[in-house]
Amino acid sequence: MGQCGITSSKTVLVFLNLIFWGAAGILCYVGAYVFITYDDYDHFFEDVYTLFPAVVIIAVGALLFIIGLIGCCATIRESRCGLATFVFILLLVFVTEVVVVVLGYVYRAKVENEVDRSIQKVYKTYNGTDSDAASRAIDYVQRQLHCCGIHNYSDWENTDWFKETKNQSVPLSCCRETAKSCNGSLANPSDLYAEGCEALVVKKLQEILMHVIWAALAFAAIQLLGMLCACIVLCRRSRDPAYELLITGGTYA
């Protein structure tokens with residue numbers, strides 16, 4: 001019965017190690033996704049420390065490749081030292097992922113204030129040229145998120161660009177996709193996106209951080225199961241004489 005329990009734990013442990021390799025790839029993908037998406041919205045969020053959870057999760061993903069290799073070798077070779085090392089590293093990674101979750105929630109709560117402070121400055125510097133990074137960022141966000149202005153399209157009336165152009169129109173990026181003849185004129189508000197960009201940018205950034213949080217939580221749960229199985233193999237290996245004799249090739253007296 002004890003031998004059967006150990007074999008089952010070993011099978012699950014080997015399977016989990018294979019999952020760790022898959023998890024490593026997924027975690028690295030999530031971290032890279034955060035970096036790429038952040039690059040599209042970096043003008044609206046000045047706190048670069050928001051990327052710290054993404055950096056940590058990429059590091060954890062890389063470490064999981066090594067953990068999976070150690071776990072497989074230790075399980076197949078029945079190495080007590082290897083399994084103990086495997087459990088210890090898993091514990092460290094588990095603590096790191098808990099830290100990622102906490103940091104994710106902390107930065108998620110800061111997003112709204114950060115965006116509110118930054119977006120005002122970005123809209124004020126808009127000049128409508130492709131050579132200006134801030135202008136490109138605003139046009140990109142308005143097209144991607146289907147929004148116009150900070151709270152609505154009327155916010156453009158307070159910008160220097162609007163006052164300088166004197167044509168009573170907003171950028172073409174405010175035009176709805178269905179409005180084929182839209183020229184950005186405020187005389188035709190039905191052609192413009194009605195929703196402001198601030199709330200949508202906040203929502204997008206919070207969604208990005210939630211991807212990090214959920215990924216960390218999911219793989220932390222898998223690591224707990226891995227530690228449990230490794231501990232079962234370690235404990236039963238040391239307590240079951242029949243299992244020790246089976247491994248060493250000995251016999252009962």
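**Exercise 1. Find the residues that W156 touches, then place W156 in the core.**

Step 1. Let's start with contacts, meaning heavy atoms within 4.5 Å. Leaving out residues up to four places away in sequence, W156 touches Y123, Y126, I138, Q142, C148, G149, W161, F162, V170, P171 and C174.

Before going on, keep in mind that this is a predicted model, where local features need pLDDT of at least 70, side-chain atom pairs count only at pLDDT 80 or more, and totals for chains, interfaces and linings use all residues. Residues are numbered from 1 along each chain as its sequence is written, and side-chain values use heavy atoms, with hydrogens and water left out.

Step 2. Now zoom out to the nonpolar core, a set of buried Ala, Val, Leu, Ile, Met, Phe, Trp, Tyr and Cys residues joined through side-chain atoms within 4.5 Å. Buried means under 20% relative accessible area, exposed is over 50%, and partly exposed is in between (1.4 Å probe, protein chains only). The largest nonpolar core holds 68 residues, and W156 shares the top spot for contacts inside it with F44.

Step 3. Which elements give two or more residues to this core? They are α1 (2–41), α2 (52–76), α3 (80–124), α4 (133–145), α5 (160–165) and α6 (197–239). The largest share, 16 residues, comes from α6. Helices here are DSSP runs (H or I, at least four residues; strands are E, at least two), numbered from the N terminus.

**Exercise 2. Compare what surrounds V202 and E198 in α6.**

Step 1. Take V202, which is found in helix α6. Its relative accessible area is 8%, so V202 is buried.

Step 2. Look for its partners: apart from residues up to four places away in sequence, V202 touches V111, E112 and V115. V202 and V111 are 91 residues apart in sequence, yet 6.2 Å apart in space, C-alpha to C-alpha.

Step 3. E198 lies in helix α6 too. With the same sequence neighbours left out, E198 touches V115, D116, I119, G149, I150 and H151.

Step 4. Check the charge, with Lys and Arg positive, Asp and Glu negative, and His and the chain ends not counted. A salt bridge needs a side-chain nitrogen of Lys or Arg within 4 Å of a carboxyl oxygen of Asp or Glu. E198 is buried but has none, and the nearest side chain of opposite charge, R117, is 10 Å away.

**Exercise 3. Track down the disulfides and work out their pairing.**

Step 1. A disulfide is a covalent bond between the sulfur atoms of two cysteines; here, the cut-off is sulfur atoms within 2.5 Å. How many disulfides does a search of the whole structure find? It finds 3.

Step 2. C147 is joined to C197, S to S 2.0 Å. This pair links the loop between α4 and α5 to helix α6, 50 residues apart. C147 counts as buried because its relative accessibility is 0%, and C197 is buried at 0% as well.

Step 3. C148 is bonded to C174, S to S 2.1 Å. The two sit 26 residues apart, C148 in the loop between α4 and α5 and C174 in the loop between α5 and α6. The torsion about the S-S bond is about 85°, so this disulfide is right-handed.

Step 4. C175 pairs with C182, S to S 2.1 Å. Is this link left-handed or right-handed? Its torsion is about -65°, so the disulfide is left-handed.

Step 5. Number the bonded cysteines in sequence order, and the pairing reads 1-6, 2-3, 4-5.
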